[in-house]
Amino acid sequence: MRWEPLLSHRPMTVVTGFPGILGTDVSPNQERTAVTANRADDSLEQVASEVKVCPLCELCRSRTHAVPGEGNPQARVMLVGEGPGWHEDQQGKPFVGASGKFLSELLTNAGLSRDEVFITNVVKCRPPGNRDPLPDEIQACSGYLERQINLIEPDVIVTLGRFSMSKFFPGEKISKIHGLPKEIGRRLVVPMYHPAAALHQGALKATIQEDFDTLPKLLADRERARETSREREDRHSQSSLF
Ligand code: SF4
C-alpha cells in the first residue's frame, strides 16, 4: 500500500547551497563564529555557503566538494548519514552513489520522495579513503547539523549508521536500538542502519526495509498529535472569550 504523504501544503523547493562562493577565503576564527551562531536571519543557504568554504577540520584539505545536504527546507523527515563518499565528494550532493540509489528505493517504498525529505551527514566533507569520521571532525562539524535541524524543524530525524546514531544515542548499539523511535526534545529520532551497510550485508537489507516502512505511521501519529493539540488550543481560546 502506498502512503499518501501529508506534505501537499508544503513547497517542494530544493536547497543545494550557493556554488558561486566556492573558494572564498574565510579565516578559521570568522568561520568558527559563524558555525555556532544562532542568528535570527540564519538560513539553509547560509549554512551551505559556510560549509562550502569551511576550514574547521582536517577534512577540508582533501575534499573535492563539501556536501552541505539538500532537500525540502520544510521537510517533515530529515535523514542524517555519516559523511560523503567518493561520488558525493565529486558531485557535492549527498547519497548519490549505490547507497543513495538504495536510499531512494527505501524512501519510495515508504511513500516518500527525495524532494520531500532533507538529507545530510554528520560530517560534510569526505574522510579520505572513506574512513570513519574522527570524533574531533564530528565535533567541529556539529554546529552545521544543529543549525540545519533548527531551521528545518523536522518531525522525525532518521539517523543512518553508527556515527549519526551516536550523536543522539551516545553509548548505544545500533544492533539493539535500530528502528526504535525516541522522543528527543520536540522531535522523534529513529536510529537505522546505514544503507551502505545493508548493501554489503544482505541480512541487513530486510531489516532496514522494515525500519523504513515504519515511517508513514510515525508521521501520521505526529500529524494526529498536532491536530489534537491545535483543537485543544482552539477550545481553550474560545472558552476564554466568555
Ligand atoms: S567536515 Fe565539517 S567541520 Fe570539517 S571542514 Fe568539512 S564542513 Fe568544516
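**Overview.** I started with the secondary structure and got eleven helices and six strands for the protein chain. Note to self: this is a predicted model. I then checked burial, and 38% of the 242 residues in the chain come out as buried. Next I looked at contacts between residues at least 6 apart in sequence: 76% of them join residues at least 24 apart.

**Ligand shell.** Which residues come nearest to the ligand? I found 13 residues around it, and Cys54, Cys57, Cys60, Cys125 and Cys141 are the ones that come nearest. Two elements, α3 (59–62) and α6 (135–152), give two or more residues each to this shell. I also asked myself which element supplies the largest share of the shell. That turned out to be α6, with three residues. Sorting the shell by class, I counted eleven nonpolar residues and two charged ones, with no polar residue.

**α2 against α6.** Since α6 had come up already, I looked at how helix α2 (residues 44–51) packs on it. The two axes come within 10 Å and cross at roughly 165°. An angle over 145 degrees counts as roughly antiparallel, so I put α2 and α6 down as roughly antiparallel to each other. For handedness, I noted a left-handed crossing where α2 passes α6.

Who makes the contact? From α2 I listed Leu44, Val47 and Val51, and from α6 Tyr144, Arg147, Gln148 and Leu151. By class, the residues of this contact are five nonpolar, one polar and one charged.

Notes: Residues are numbered from 1 along each chain as its sequence is written. This is a predicted model: local features need pLDDT of at least 70, side-chain atom pairs count only at pLDDT 80 or more; totals for chains, interfaces and linings use all residues. A residue is near a molecule or strand if its C-beta atom, placed from the backbone, lies within 6 Å of it. Helices (H or I, at least four residues) and strands (E, at least two) are DSSP runs, numbered from the N terminus. Ala, Val, Leu, Ile, Met, Phe, Trp, Tyr, Cys and Pro count as nonpolar, Asp, Glu, Lys and Arg as charged, and the others, Gly among them, as polar. Axes are lines fitted to C-alpha atoms, for helices over the stretch in contact, and angles run from 0 to 180 degrees between N-to-C directions. Angles under 35 degrees count as roughly parallel, over 145 as roughly antiparallel, 65 to 115 as roughly perpendicular and the rest as oblique. A crossing is left-handed if the near helix is turned anticlockwise from the far one by less than a right angle, and right-handed if clockwise. Two residues are in contact if their C-beta atoms, placed from the backbone, lie within 7 Å. A residue is buried if 20 or more other C-beta atoms lie within 10 Å of its own, exposed if 12 or fewer, and partly exposed in between; C-beta atoms are placed from the backbone.
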